Amino acid sequence: MAAEPQEYLVQHIQEALATDPRARELGVEVQVAGDRVVLTGTAATAAQRDSIGEVVRELADGYGVVNEMTVLSADEDGTVEELT
Amino acid sequence: MTRVAAVADIHVGADSVGHVAAGLQHVNERADLLLLGGDLTRCGEPVEAQLVAVELAGVEIPIVAVLGNHDHHADRADEVVGLLEDVGVVVLDGSATTVDVDGVRIGVAGGKGFGGGFAGANATAFGEPAMKAFVEETQREAARLQAALAEVRPNADRTIALLHYAPVPETLRGERLELYPFLGSHLLAEAIDIAGADLVVHGHAHHGSERGVTPGGIRVRNVAQPVIQHAYRVYDLREPAVREAPVAATA
């Protein structure tokens with residue numbers, strides 16, 4: 001069987017990330033580059049980032065998965081924007 | 001000085017216990033009101049709403065929220081709302097509330113909003129029933145928001161429109177253009193410009209930009225947490241020199 005076209009693989013991964021209970025994330029950028037699937041975007045926690053990588057590894061058979069997602073920085077920002 | 005803290009898309013799930021609370025440690029000193037622009041939970045499960053309630057336990061200033069698309073996923077939005085209301089969060093859905101801060105009355109009108117796209121490339125209620133239903137959902141959200149703003153604005157010194165979906169494309173910059181119809185609608189901006197407001201706060205667009213403005217000149221802020229990269233933003237709504245007249249968006 002011919003390998004799945006990359007465009008369909010990207011779509012299948014994004015559908016899985018929206019529906020798989022381990023991920024539930026719509027905001028992941030998925031790119032296929034050569035024999036790798038590269039993930040970028042922001043996850044709420046480190047655990048969620050790792051779960052997203054796990055879901056993608058299961059789907060992207062034959063590809064390496066490069067998980068470059070960052071974890072949200074949610075520290076308090078001392079600045080105030082004045083709206084006059 | 002009327003300081004409004006705002007954040008959206010905190011996406012609380014079982015693995016994020018303590019995460020949000022840690023970021024809100026000083027919010028009581030830094031702001032007079034906390035706005036939550038939807039996607040409070042990851043999948044809209046009541047157990048996640050309970051976790052949100054725990055995360056917000058240390059917040060002593062009033063909290064006003066709207067739900068987002070994630071909060072509807074489990075089809076248990078009523079239970080999510082009930083659990084948030086149990087801990088004092090005011091959840092708006094085409095409705096409005098007022099909060100008094102040191103003699104200044106802040107009116108907040110809010111709702112989830114919906115998609116459809118922006119002027120020149122927006123969806124229309126034509127053709128298949130599914131397409132009509134999609135557009136009618138946005139029309140309904142916009143009409144209810146406009147009515148809520150119109151109701152609260154005469155009784156408030158400052159008025160804020162709180163949404164999950166975006167009312168303008170400027171705060172989507174950074175998102176793929178193909179996604180714009182699913183991220184917001186110009187019908188929301190039109191409703192806000194007709195009724196009038198001092199600030200619009202929304203979330204939903206994780207790859208978007210913080211600052212924009214409606215066609216009628218009202219400031220718009222996308223406070224999705226991946227955009228602001230902080231626990232929340234604080235906006236100081238200063239004294240207006242002159243209350244701006246609502247902008248007539250239709251002839």
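## Worked exercises on a two-chain model

Strand 2 (residues 33–37) and strand 3 (residues 63–66) of chain B run parallel to each other, joined by four bridges. Strands here are DSSP runs of E with at least two residues, helices are runs of H or I with at least four residues, and both are numbered from the N terminus; two strands pair if DSSP finds at least two bridges between them. This is a predicted model, in which local features need pLDDT of at least 70 and side-chain atom pairs count only at pLDDT 80 or more, while totals for chains, interfaces and linings use all residues. Residues are numbered from 1 along each chain as its sequence is written, with chains lettered from A and ligands numbered from 1 in the order in which they are written.

**Exercise 1.** Find the bridge partner of Gly37(B) in strand 3 of chain B, then describe how the residues of strand 3 point.

*Solution.* Start with the pairing: Gly37(B) is bridged to Val66(B). Next, look along strand 3 of chain B: Ile63(B) and Ala65(B) point one way, while Val64(B) and Val66(B) point the other way. In a regular strand the side chains alternate between the two faces of the sheet. Finally, check burial: these residues of strand 3 are all buried (20 or more other C-beta atoms within 10 Å of a residue's own; exposed means 12 or fewer, partly exposed in between, with C-beta atoms placed from the backbone).

**Exercise 2.** Work out which residues of helix 3 of chain B are buried, and where they lie around the axis.

*Solution.* In helix 3 (residues 46–55), the buried residues are Glu48(B), Ala49(B), Leu51(B), Val52(B) and Glu55(B). They cover an arc of only 155° around the axis, so they sit on the same side of helix 3 of chain B; the arc is that of the directions from the helix axis to the C-beta atoms. Then ask what they pack against: helix 1 and helix 4 (77–86) of chain B.

**Exercise 3.** Describe the largest nonpolar core, then list the neighbours of Ala161(B).

*Solution.* A nonpolar core is a set of buried Ala, Val, Leu, Ile, Met, Phe, Trp, Tyr and Cys residues joined through C-beta atoms within 7 Å. The largest one has 95 residues, and Ala161(B) and Ile192(B) are among those with the most contacts inside it. Helix 7 (residues 186–195) of chain B gives the largest share of this core, six residues. Now take Ala161(B): leaving out residues up to four places away in sequence, it touches Ala109(B), Gly110(B), Leu145(B), Leu149(B), Ile192(B), Ala197(B) and Val200(B). Contact means that the C-beta atoms, placed from the backbone, lie within 7 Å.

**Exercise 4.** Take the contact between the chains apart, beginning with how many residues each chain gives.

*Solution.* Count first: 26 residues come from chain B and 18 residues from chain A. On the chain B side, helix 1 (19–23), helix 8 (225–228) and strand 11 (233–237) each give two or more residues. Strand 11 of chain B has the largest share, five residues. Last, look at the pairing across the chains: strand 5 (residues 80–83) of chain A and strand 11 of chain B are parallel, with four bridges. One of the paired positions joins Glu81(A) to Tyr235(B).

**Exercise 5.** Place Leu179(B) in chain B and decide whether it is buried, partly exposed or exposed.

*Solution.* Leu179(B) lies in the loop between strand 7 (158–162) and helix 6 (180–183) of chain B. With 16 other C-beta atoms within 10 Å, Leu179(B) is partly exposed.

Conventions:
Two residues are in contact if their C-beta atoms, placed from the backbone, lie within 7 Å.
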